[in-house]
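Student: I have a model open and would like to learn how to read its sheet. Could you walk me through it?
Tutor: Gladly; let us look at it together.

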Amino acid sequence: ERPATRSLLAIAGRAAKAAFAVMAAIVVLADLGVSVASLIAGLGIGGLALALASQKTVENLFGTLSIGIDQPLREGDFVRAAGFLGTVETIGLRSTRIRTLDRTLVTIPNGQLADQHIEQFSVRDRIRLALTVGLEYRTTADQLRVVLAGLEACLRAHPRLWPDAVVVRLQGFGASSLDVEVMAWFQTSDWSEFQHIRQEVLISFMRIIEGAGTALAFPTQTIHLA
């Protein structure tokens with residue numbers, strides 16, 4: 001019932017398997033008559049050289065521990081990490097594998113990943129619609145007011161809209177259009193559903209603009225010859 005706990009247990013399970021393998025090797029060596037105490041002492045003498053040679057491995061293990069405790073990402077989450085956008089497939093003891101949108105598999109060492117800025121998309125509770133609608137300069141002030149009121153009414157009528165923040169305002173006079181800023185949030189975390197909502201909203205915007213007697217602008221220039 002708790003995804004964070006499942007992810008942490010998966011990491012702990014892999015660590016326990018590695019520890020169990022080491023313990024089993026020690027037991028086998030002891031049964032074969034090898035002096036385990038002497039072996040451990042020898043490992044202690046060579047420990048410094050081993051530590052110097054395995055700095056990256058130790059760094060990755062501590063990175064795994066940091067990821068497991070802090071939970072910046074979990075298996076199955078959709079994230080942007082180390083410049084890659086995709087779904088986390090596996091968090092191992094050494095590295096994390098991310099399946100990108102192109103279906104490639106990216107492997108990132110956990111020591112490096114623990115120091116990265118990780119953008120977590122799976123935990124968001126709403127998705128933002130933000131765009132600029134450009135109207136032709138032949139649009140009159142009355143038509144502009146009709147369009148502004150119509151766009152806002154269209155947004156507020158949507159059942160998945162988050163009503164606390166809806167922005168539909170004349171932003172400024174662009175190079176070839178009257179720029180209308182539109183910003184709203186929809187209460188969904190499913191990107192596919194949001195794409196469908198956005199499509200329906202934009203089609204409704206076109207109908208409202210056409211009904212007001214104006215049109216969407218495209219880049220134009222007026223040249224005066226003296």
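Student: In what order do the five strands of the open sheet lie?
Tutor: Keep in mind that this is a predicted model. In general, strands of a sheet pair through backbone hydrogen bonds, in a parallel or an antiparallel way. Here the five strands form an open sheet with the order 4-3-2-1-5, and the pairing is antiparallel.

Student: Which strands are the edge strands?
Tutor: Strand 4 (105–109) and strand 5 (119–120) are the edge strands, each pairing on one side only.

Student: How many bridges link strand 1 and strand 2?
Tutor: Strand 1 (residues 78–81) and strand 2 (residues 84–91) are paired antiparallel over four bridges. You can trace the register residue by residue: Phe78 has Thr87 of strand 2 as its bridge partner, and Val79 stands opposite Gly86 in that strand.

Student: What about the hairpin of strand 1 and strand 2: which residue takes a positive phi there?
Tutor: That residue is Ala82, with a positive phi near 55 degrees, in a hairpin that has two residues between the strands.

Student: And how do strand 2 and strand 3 pair, parallel or antiparallel?
Tutor: Strand 2 and strand 3 (residues 95–100) pair in the antiparallel sense, over five bridges. A hairpin of three residues joins strand 2 to strand 3. Look at Gly86 again: it faces Val79 of strand 1, and it also stands opposite Thr100 in strand 3.

Definitions and conventions. Residues are numbered from 1 along each chain as its sequence is written. This is a predicted model: local features need pLDDT of at least 70, side-chain atom pairs count only at pLDDT 80 or more; totals for chains, interfaces and linings use all residues. Side-chain values use heavy atoms; hydrogens and water are left out. Two strands pair if DSSP finds at least two bridges between them.
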